[in-house]
Amino acid sequence: MSRPPRDASARRAPSMADVAALAGVSHQTVSRVLNEQSLVRPETRERVQRAMADLGYRRNHAARALVTNRSGLIGLVATHLGFYGPGMIATAVQDAAHDAGYEVAQVGLPEISPQALRSTVDRLLDRAVEAVVVEVTRRDALDAVAALRLPVPVVLVQGVSPGQPLAAGIDQALGGELATRHLLEVARPGTVVHVTGPLDWVEAQMRRDGWRAALLRHGAEGRELVGDWTSRSGYEAGRELAADPSVRAVFAGNDAMALGVLRALHEAGRDVPGDVAVVGFDDTPDSANFWPPLSTVRQDFGALGRRAVELTLRALAGEVAPEAELVAPQLVVRASTTR
C-alpha cells in the first residue's frame with residue numbers, strides 16, 4: 001500500500017520566503033528584521049516575528065556567513081570543565097556572548113596540546129566562527145595558543161597576567177594576598193600553610209605568589225603542601241597539618257580542598273577557627289554551608305565573561321588590542337576564620 005503524499009512544506013525547513021508570504025511582507029523586510037535593522041515599523045516587526053514563530057523558522061548561519069562574512073558565532077575552547085572554576089568561566093562567556101547577540105560553539109578538551117588545539121580550532125573555523133576564545137589553565141596551553149596563526153582574533157580567558165593583549169582574567173595573586181593577609185590578622189602567631197593546586201596550573205602558581213608576597217610583607221613563616229584541586233587531596237594535607245601544633249592558619253587553593261582540610265582538622269579534634277583558621281578560594285555555592293561556614297575568596301565570573309566578550313567584539317571591530325586589566329577578587333569572611 002502506497003503512502004499518502006506529504007505536503008512539500010513538511011519535507012523541508014521553512015525558508016525566509018515562507019516567512020515573508022505568511023507575514024505579507026517582502027523578503028527584504030524579513031531580512032531587516034533578522035538583522036535587527038531599525039527601518040521596520042514595530043507592528044510589521046511583530047508580524048514577521050510571529051510568522052517565524054508559527055513556522056518554526058531557524059536562521060541559516062552558514063548562508064548568512066557566505067553573504068555577509070559574519071556568522072554571529074564565537075568559538076570557545078575549554079578544558080577541565082568538571083572543576084568549578086573552568087565550568088563557571090565557560091558558562092559566563094556563553095552568557096555574555098548571548099547578551100551581545102552571538103552564539104557560542106563550545107569544544108571541551110581534557111588538555112590543550114598543540115595538536116588537539118590545532119585540530120579543534122580547524123573544526124571551529126569550518127563552522128565560520130568569527131573569533132576564538134580559549135580558556136587557559138596550564139602553562140603549556142599558553143605556548144600552544146601563541147603558536148596559532150589564525151585569520152580570526154584569539155582571546156585568552158583566565159590564566160593570564162597583567163599586560164597581556166587580548167586577555168581577560170581574575171587577579172589570582174591579589175586573591176592569594178587577600179586570603180593570607182586575613183589569616184595573619186585573625187590567627188595567633190604560627191605557621192601559615194598554603195595547600196596549593198597543581199603547580200603546572202597558572203592560577204595555582206599565581207595564588208601561591210600572592211601567599212608568598214603577603215608572608216614576606218609581614219615577616220611571617222610559611223609552609224606549603226601540593227594538592228590537586230580535589231577535596232581528597234585537601235583531606236590528606238589536612239591530616240598531616242592536624243598533627244602539627246605550630247599550624248594556626250591554612251589557605252587552601254580552592255574550596256574543595258578547604259573542605260577536605262576542615263574534615264581532617266575536625267577528626268583530629270582541632271577546633272576551627274579556635275585552633276586553626278581556614279580560608280578557601282572560589283566561593284562555590286556550597287561554601288556558606290560547610291561546617292563551619294567557609295571564609296573564601298570570591299571570583300566574579302560574570303564580570304570575567306563580559307570582559308572576554310567585550311575584548312572579542314573590540315577585536316572584531318578592528319580596534320587595537322588593549323592590555324589585560326584583571327578583575328579584582330573579593331574576600332568573603334565567614335565562621336572558619338572568625339567567631
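The paragraphs below go through selected helices, loops and single residues of this predicted model.

Helix H2 comes early in the chain and spans residues 27-34. Its buried residues are Thr29, Val30, Val33 and Leu34. These residues cover an arc of only 140° around the axis, which puts them on the same side of H2. The partners they pack against are helix H1 (16-23) and helix H3 (42-55).

Helix H7, residues 139-146, can be read in a similar way. Here Ala141, Ala144 and Val145 are buried. Viewed down the axis of H7, the buried residues fall within an arc of 95°, so they line one face of the helix. Asp143 and Ala146 are exposed and sit on the face of H7 turned away from the buried side. The cover over the buried residues of H7 includes helix H6 (114-126), together with strand S3 (131-136) and strand S4 (154-158).

A pair of helices comes next. Helix H10 (residues 231-242) packs with helix H11 (residues 255-267) at an angle of about 40°, and their axes are 6 Å apart. The crossing in which H10 passes H11 is right-handed. On the H10 side the contact is made by Ser231, Ser233, Gly234, Tyr235, Gly238, Arg239 and Ala242. On the H11 side it is made by Ala256, Met257, Gly260, Val261, Arg263, Ala264, Leu265 and Glu267. By type, the residues of this contact between H10 and H11 divide into seven nonpolar, five polar and three charged.

Two aspartates in loops can be set side by side. Aspartate 200 lies in the loop between strand S6 (191-196) and helix H9 (202-218). Its relative accessibility is 31%, so aspartate 200 counts as partly exposed; the buried class ends at 20% and the exposed class begins over 50%. Not counting residues up to four places away in sequence, aspartate 200 touches Thr137, Arg138 and Arg139. With arginine 138 there is a polar contact from side chain to side chain, at 2.8 Å. Aspartate 200 and proline 42 are 158 residues apart in sequence, and their C-alpha atoms are 55 Å apart in space.

Aspartate 282 is in the loop between strand S9 (277-279) and strand S10 (296-298). This aspartate counts as buried because its relative accessibility is 7%. Its side chain makes a polar contact with the side chain of glutamine 299, at 2.6 Å. Leaving aside neighbours within four places in sequence, the residues in contact with aspartate 282 are Tyr84, Arg207, Asn254, Asp255, Thr296, Val297, Arg298 and Gln299.

Some backbone features deserve a separate look. Most residues other than glycine have a negative phi, and most peptide bonds are trans. Aspartate 283 has a positive phi, near 60°, and is a residue other than glycine. This residue is placed in the loop between S9 and S10. Aspartate 283 counts as buried because its relative accessibility is 12%. Proline 292 is also placed in the loop between S9 and S10. A cis peptide bond joins tryptophan 291 to proline 292, with omega about -5°.

The other cases lie elsewhere in the chain. Histidine 80 is not a glycine, yet its phi is positive, about 55°. Histidine 80 is found in the loop between strand S1 (73-79) and helix H5 (84-99). With a relative accessibility of 15%, histidine 80 counts as buried. Proline 273 is found in the loop between H11 and S9. The peptide bond that joins valine 272 and proline 273 is cis, with omega about 15°.

The last residue considered is glutamate 310, in helix H12 (residues 301-316). Its relative accessible area is 40%, so glutamate 310 is partly exposed. Glutamate 310 and alanine 100 are 210 residues apart along the chain, and their C-alpha atoms are separated by 8.8 Å.

Conventions. Residues are numbered from 1 along each chain as its sequence is written. This is a predicted model: local features need pLDDT of at least 70, side-chain atom pairs count only at pLDDT 80 or more; totals for chains, interfaces and linings use all residues. Side-chain values use heavy atoms; hydrogens and water are left out. Buried means under 20% relative accessible area, exposed over 50%, partly exposed in between (1.4 Å probe, protein chains only). Helices (H or I, at least four residues) and strands (E, at least two) are DSSP runs, numbered from the N terminus. The arc is that of the directions from the helix axis to the C-beta atoms. Contact means heavy atoms within 4.5 Å. Axes are lines fitted to C-alpha atoms, for helices over the stretch in contact, and angles run from 0 to 180 degrees between N-to-C directions. A crossing is left-handed if the near helix is turned anticlockwise from the far one by less than a right angle, and right-handed if clockwise. Ala, Val, Leu, Ile, Met, Phe, Trp, Tyr, Cys and Pro count as nonpolar, Asp, Glu, Lys and Arg as charged, and the others, Gly among them, as polar. A polar contact is a pair of N or O atoms within 3.5 Å; within protein, one must be able to donate a hydrogen and the other to accept it, and residues adjacent in sequence count only if both atoms are side-chain atoms.
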